[in-house]
Amino acid sequence: MGKFIVFEGIDGAGKSTQAKLLGKWLEERGYEVVLTKEPTDTAFGKLIRKLVLTGGREGIIDGARISHEAEALLFAADRAEHVHKLIKPALEGGKVVISDRYFYSSLAYQWARGLDLDWLIDLNRFAIKPDLVILLDLPVKESMKRIGSRSIKTEFDKIVELQKKVRENYLKLAERFPEMKIVNALASVEDIHNDIVALVEHELFKR
Ligand code: TYD
């Protein structure tokens, strides 16, 4: 079996940058790496982008135009395909899978929408458990500075409020799920990468 690493955090926390850097670091050490993300690029992911994600910036979640439950079910359907078609086979092939977001995103975001946390956990029971979840944590003010220029002003306040709730939710989830480790995402890209490498070595390769 391979290893399964997930990056989580609010929008603008630097997940995709750090996922790529970690992937490169692992490849340089001889590991076969599969970099992936949610929402995926499959038909389900495209449907999510069309129905859920046309907010202030392309890709950011906005006010619901479909019901919150339908939103949660779409993310779960996308994830089911992701697990069965890509994640599971890659892990069985001994690869290191790095996913930019996974089911913790559904817990943090759809819980912030007002859905019941236990229902969300049940709905995602099929999702195989990662070996390590890196939660890139930073204040919403900072993340909005990074993505704010791409936001439509009228959407901005609504997005800030949601992001604040999502950050709080992530921190609560980290208390409940021991595989989640918090990394301070306020530091430089290089320092954050070094923190992540130390975590990966310690947690996954027991150095
Ligand atoms: P994001 O990672 O920003 O995708 P991209 O960079 O490709 O646009 O994810 C899009 C949004 O979807 C983001 O605001 C978080 C949200 N989201 C959920 O609400 N629930 C989920 O289960 C997932 C995976 C994402």
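In this predicted model, strand E4 (residues 132-137) is joined to strand E5 by 5 bridges, and the two strands run parallel. Within E5, asparagine 184 is the residue that stands opposite aspartate 137.

This pairing belongs to a wider arrangement, an open sheet of 5 strands in the order E2-E3-E1-E4-E5, in which the pairing is parallel. Strand E2 (33-37) and strand E5 (180-184) each have a single partner strand and stand at the edges, so one side of each is left without a neighbour in the sheet. From one strand to the next, the twist averages 20°.

Turning to the helices, two packed helices are described by the angle between their axes and the distance between the axes. Helix H2 (residues 43-51) packs with helix H3 (residues 68-92) at an angle of about 160°, and their axes lie 9 Å apart. Because angles over 145 degrees count as roughly antiparallel, H2 and H3 are described as roughly antiparallel to each other. The crossing in which H2 passes H3 is left-handed.

The residues that make this contact are set out by helix below.

| Helix | Residues in the contact |
|---|---|
| H2 | Phe44, Gly45, Leu47, Ile48 and Leu51 |
| H3 | Leu74, Phe75, Ala77, Asp78 and Glu81 |

When these residues are sorted by class, the contact of H2 with H3 has 7 nonpolar residues, together with 1 polar and 2 charged residues.

Notes:
Residues numbered from 1 in each chain as written. Predicted model: local features only at pLDDT ≥ 70, side-chain atom pairs only at ≥ 80, totals over all residues. Heavy atoms only, no water. Axes fitted to C-alpha atoms, helices over the stretch in contact; angles between N-to-C directions. Helix = DSSP H or I, 4+ residues; strand = E, 2+ residues; numbered from the N terminus. Parallel < 35°, antiparallel > 145°, perpendicular 65-115°, else oblique. Left-handed = near helix turned anticlockwise from the far one by under 90°. Contact = heavy atoms within 4.5 Å. Nonpolar A, V, L, I, M, F, W, Y, C, P; charged D, E, K, R; others polar. Pairing = 2+ DSSP bridges.
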